[in-house]
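Subject: Structure handover

Hi,

Here is the structure I promised to pass on to you. Please have a look at it first, and then read my notes below.

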Amino acid sequence: MRDVTGRLMLLDTASLYFRAFFGVPESVRAPDGSPVNAVRGLLDFIDRLVKDHRPDHLVACMDADWRPQWRVELIPSYKAHRVAEERAQGPDEEEVPDTLSPQVPVIEAVLDAVGIARVGVAGYEADDVIGTFAARAGGPVDIVTGDRDLYQLVDDARGVRVLYPLKGVGTLQITDEATLREKYGVDGKGYADLALLRGDPSDGLPGVPGVGEKTAAKLLAQFGDLSGILAAVDDPRTKLTPTQRGRLDAARPYLAVAPKVVRVADDVPLPDVDTALPRAPRDPAAVESLAARWGLGGSLQRLLTTLSS
């Protein structure tokens with residue numbers, strides 16, 4: 001990773017192209033009839049983000065492994081319900097809509113031709129790539145994602161915030177520590193503990209039975225963090241109800257491994273990439289070819305115009 005001191009924007013790319021796929025009609029097609037709604041939708045998203053937030057650096061972070069084995073070994077249910085096919089070698093295949101899968105290579109080719117840095121690292125999710133870039137950044141960081149798991153990276157002192165799409169990317173929730181305290185009663189560091197206590201069915205995380213979001217927030221407010229909560233379980237003088245004490249004590253095996261699964265890695269071996277916002281296409285011939293082949297028309301041209309300005 002090269003020195004990054006200006007505003008860095010990190011895209012949770014899969015989260016955004018899934019939103020584009022479901023938000024743009026499938027009737028948006030290439031000249032040969034292939035759906036390109038996710039491709040064009042993502043390009044429109046990036047165009048709007050660059051226009052509105054003017055980053056100096058931009059990285060499209062990718063899932064080289066959407067369900068890393070090291071997480072599965074700790075919690076076997078992790079994302080298990082989203083597996084379309086198990087593979088002996090390499091990542092399992094994720095369940096993805098049939099008409100979205102063929103669009104992903106097109107998205108990758110377009111990003112590469114335009115010159116937007118695209119980074120995925122074997123054995124890690126995009127979240128981990130984002131966490132590592134954010135940890136190493138020397139300036140403010142905007143993380144664009146529809147995944148609330150990344151709220152754990154919010155850090156006012158370092159200028160790290162999450163731009164969470166509420167409707168397309170035209171309406172974004174600017175998530176800082178004040179937002180998290182108002183909605184969840186925790187700051188960025190506390191969000192990971194809240195998430196693992198509460199659990200998340202969409203990620204196959206069981207959580208602590210009987211401990212929902214409000215109870216988790218109250219426990220964290222009372223005892224500080226997960227370590228403080230577990231210390232309170234061992235101290236009969238603390239104000240835990242017998243039911244809470246029993247549930248937390250019974251959940252110790254889960255709570256021993258959940259932090260490593262839930263917390264975003266910040267030590268991913270990132271490649272040396274140029275993250276600077278491109279002002280002109282890296283490969284103009286490829287851009288022209290892709291635009292014609294896939295009928296990307298106005299979406300791609302608008303983005304190129306925005307980047308050049």
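Let me start with one helix and its surroundings: the buried residues of H6 pack against strand E8 (171-175), H7 and helix H8 (213-223). Contact here means heavy atoms within 4.5 Å, and buried means under 20% relative accessible area, with exposed over 50% and partly exposed in between (1.4 Å probe, protein chains only). Helices (H or I, at least four residues) and strands (E, at least two) are DSSP runs, numbered from the N terminus.

Before going further, the ground rules. This is a predicted model, in which local features need pLDDT of at least 70 and side-chain atom pairs count only at pLDDT 80 or more, while totals for chains, interfaces and linings use all residues. Residues are numbered from 1 along each chain as its sequence is written, and side-chain values use heavy atoms, with hydrogens and water left out.

Back to H6 (residues 177-184): Glu-177, Thr-179, Leu-180 and Tyr-184 are its buried residues. Viewed down the helix axis they fall within an arc of 155°, so they line one face of H6; the arc is that of the directions from the helix axis to the C-beta atoms.

Tyr-184 also leads to the aromatic residues. Rings of Phe, Tyr and Trp (its six-membered ring) pair if their centres lie within 6.5 Å; planes under 30 degrees apart count as stacked, over 60 as edge-to-face and the rest as tilted. The whole structure has 7 aromatic pairs. In one of them, the ring centres of Phe-21 and Phe-22 are 5.0 Å apart with the planes at 85°, so this pair is edge-to-face. Its two partners sit in contrasting settings: Phe-21 is buried at 8% relative accessibility, whereas Phe-22 is exposed at 61%. Tyr-184 and Tyr-191 are edge-to-face too, at 5.3 Å centre to centre and 80° between the planes, and both residues are buried. Ring pairs join these two tyrosines with Tyr-151 and Tyr-164 in a cluster.

Tyr-164 has a charged neighbour as well: Arg-19 lies over its face, 5.6 Å from the ring centre. The criterion is NZ of Lys or CZ of Arg within 6 Å of the ring centre and within 35 degrees of the ring normal. Another case is Arg-293, whose charged end sits over the ring of Trp-294 at 3.8 Å from the centre. Arg-293 belongs to helix H12 (residues 284-294) and is partly exposed, at 39% relative accessibility. Beyond its neighbours within four places in sequence, it contacts Ala-30, Pro-31 and Asp-32. Pro-31 is 262 residues away along the chain, yet the two C-alpha atoms are separated by 7.2 Å.

Now the strands, which pair if DSSP finds at least two bridges between them. E2 (residues 57-61) has 5 of its 5 residues buried: His-57, Val-59 and Cys-61 on one side, Leu-58 and Ala-60 on the other. E2 pairs in the parallel sense with E1 (residues 8-12) over 5 bridges, and Leu-8 stands opposite His-57. E2 also runs parallel to E5 (residues 117-119), joined by 3 bridges, with Cys-61 opposite Val-119.

Finally, the largest nonpolar core has 61 residues, and Leu-10 is among those touching the most other members. Such a core is a set of buried Ala, Val, Leu, Ile, Met, Phe, Trp, Tyr and Cys residues joined through side-chain atoms within 4.5 Å.

Best wishes
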